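Here are a few exercises to work through with the model open on your screen. Try each one before you read its solution.

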Amino acid sequence: MSNGTRRHLVWFTTAVRYNLIEHSRNKFAMLLVVAFVPTWTTLAYLVIPRTAVPFHLRATGRLLSPAGNQLTQLTGALNVVALITGFMMFAATFTGGRFDKRLALAGYPRTHLVLAKAATLTLASALVAVYATTLICAAWSPRQPLQLATALFSSAMTYGALGVIFGSVLRREVEGMFAVAMTSVVDITLQNPARSSSAESPLVHYLPSHGAIQTAAASAFSTAHTPAYLALQATWFTATALLALLTFHQRTRNALPPKSQVVRLVHAGTEAPGAGSDGAATPPKRTPAPSPAP
């Protein structure tokens with residue numbers, strides 16, 4: 001391994017370690033993962049009636065009639081996965097923004113900072129998605145658990161990128177928490193056939209989690225594969241990730257004037273009238289007043 005490659009690897013692993021430490025300090029997010037995810041998914045399965053909820057799934061073109069508690073548990077899992085990853089990435093970006101800017105101004109490569117955030121987002125999304133899928137499989141047997149986990153993972157990645165955007169543009173923590181919560185609630189509630197009559201509206205096609213919800217429903221209640229809707233969710237993630245990269249770049253940019261401009265200003269100052277050889281201003285020569293005539 002060359003010295004250059006080793007140096008880039010050290011920069012990347014250092015940034016990843018810093019991001020993981022930042023996430024581990026978020027005790028509230030850890031509590032949500034440990035307590036809220038199993039509590040909400042279990043209550044949704046036990047409390048909601050088992051009455052069949054017939055609906056037309058656009059991803060497969062079929063009429064499905066899953067049990068109401070299973071459908072609610074599925075959409076609830078999508079909701080909590082989006083909430084947790086969005087909140088985690090918002091909190092890490094919001095609290096670590098100043099430190100990231102100081103690192104960037106000190107010469108730390110912003111590429112490695114961005115890649116480290118992407119790596120920690122991927123790890124967090126994968127862990128939360130597998131955890132939620134395991135809880136669902138413990139209650140009942142979805143038809144395609146692997147594709148279901150992929151749908152949860154893609155939704156988590158999208159909301160994680162949204163969390164980075166909110167953490168970069170919002171100025172107060174309560175604003176970011178409200179933005180993440182309301183976005184996920186509106187997005188997923190409007191697409192839940194058990195709660196909303198607008199779930200089949202063509203407008204929901206433009207919501208952030210539409211591809212993930214369609215894929216998750218197809219995975220849970222049918223044997224159909226939905227690569228087109230996974231691609232749609234990947235498009236949403238790509239768009240939010242690019243916007244998150246832009247906001248992060250804007251937040252960590254150097255606000256100082258370019259070095260060439262500073263040199264020109266200093267050079268102009270040394271050549272200003274009344275300046276000495278060392279750049280210091282010299283007082284004007286005083287001519288003696290004429291002596292009075294006798």
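**Exercise 1: the cavity**

Work out how much space lies in the largest cavity and what lines it.

Solution. This is a predicted model, and about 30 Å³ of space lies in its largest cavity. Just one cavity of 30 Å³ or more turns up in the structure. Next, pick out the lining: T93, G97, D100, K117, S168, F248, R251 and T252. Two elements, α3 (68-105) and α8 (227-251), each give two or more residues to that lining. The top contributor is α3, with three residues. Finally, sort the lining by character: one residue is nonpolar, four are polar and three are charged.

**Exercise 2: a ring pair**

Decide how the rings of W140 and F221 are arranged, and say what the pair ties together.

Solution. Start with the whole structure, where a search finds three aromatic pairs. One of them is W140 with F221, at 5.6 Å centre to centre and 5° between the planes. Planes under 30 degrees apart count as stacked, and this pair is stacked. Now place the partners: W140 sits in the loop between α4 (110-139) and α5 (145-169), while F221 belongs to helix α7 (residues 210-221), so the pair ties together parts 81 residues apart in sequence. Last, check burial, for which the cut-off is under 20% relative accessible area. W140 is buried at 7%, and F221 is buried too, at 12%.

**Exercise 3: confidence**

Find the average pLDDT of the protein, and look at residues 275-281.

Solution. The average pLDDT is 83, and 83% of the residues score at least 70. Over residues 275-281 the pLDDT is below 50, yet this stretch has nine contacts in the model beyond near neighbours in sequence.

Terms used. Residues are numbered from 1 along each chain as its sequence is written. This is a predicted model: local features need pLDDT of at least 70, side-chain atom pairs count only at pLDDT 80 or more; totals for chains, interfaces and linings use all residues. Side-chain values use heavy atoms; hydrogens and water are left out. On a 1 Å grid over the protein atoms alone, a cavity is a set of points where a 1.4 Å probe fits but cannot get out, and a pocket is an open set with protein on both sides within 12 Å along at least five of seven lines; lining residues have an atom within 4 Å of a point. Grid points are joined across faces, edges and corners, and a volume is the space filled by probe spheres set on the points. Helices (H or I, at least four residues) and strands (E, at least two) are DSSP runs, numbered from the N terminus. Ala, Val, Leu, Ile, Met, Phe, Trp, Tyr, Cys and Pro count as nonpolar, Asp, Glu, Lys and Arg as charged, and the others, Gly among them, as polar. pLDDT is the predictor's confidence in each residue, from 0 to 100. Contact means heavy atoms within 4.5 Å. Rings of Phe, Tyr and Trp (its six-membered ring) pair if their centres lie within 6.5 Å; planes under 30 degrees apart count as stacked, over 60 as edge-to-face and the rest as tilted. Buried means under 20% relative accessible area, exposed over 50%, partly exposed in between (1.4 Å probe, protein chains only).
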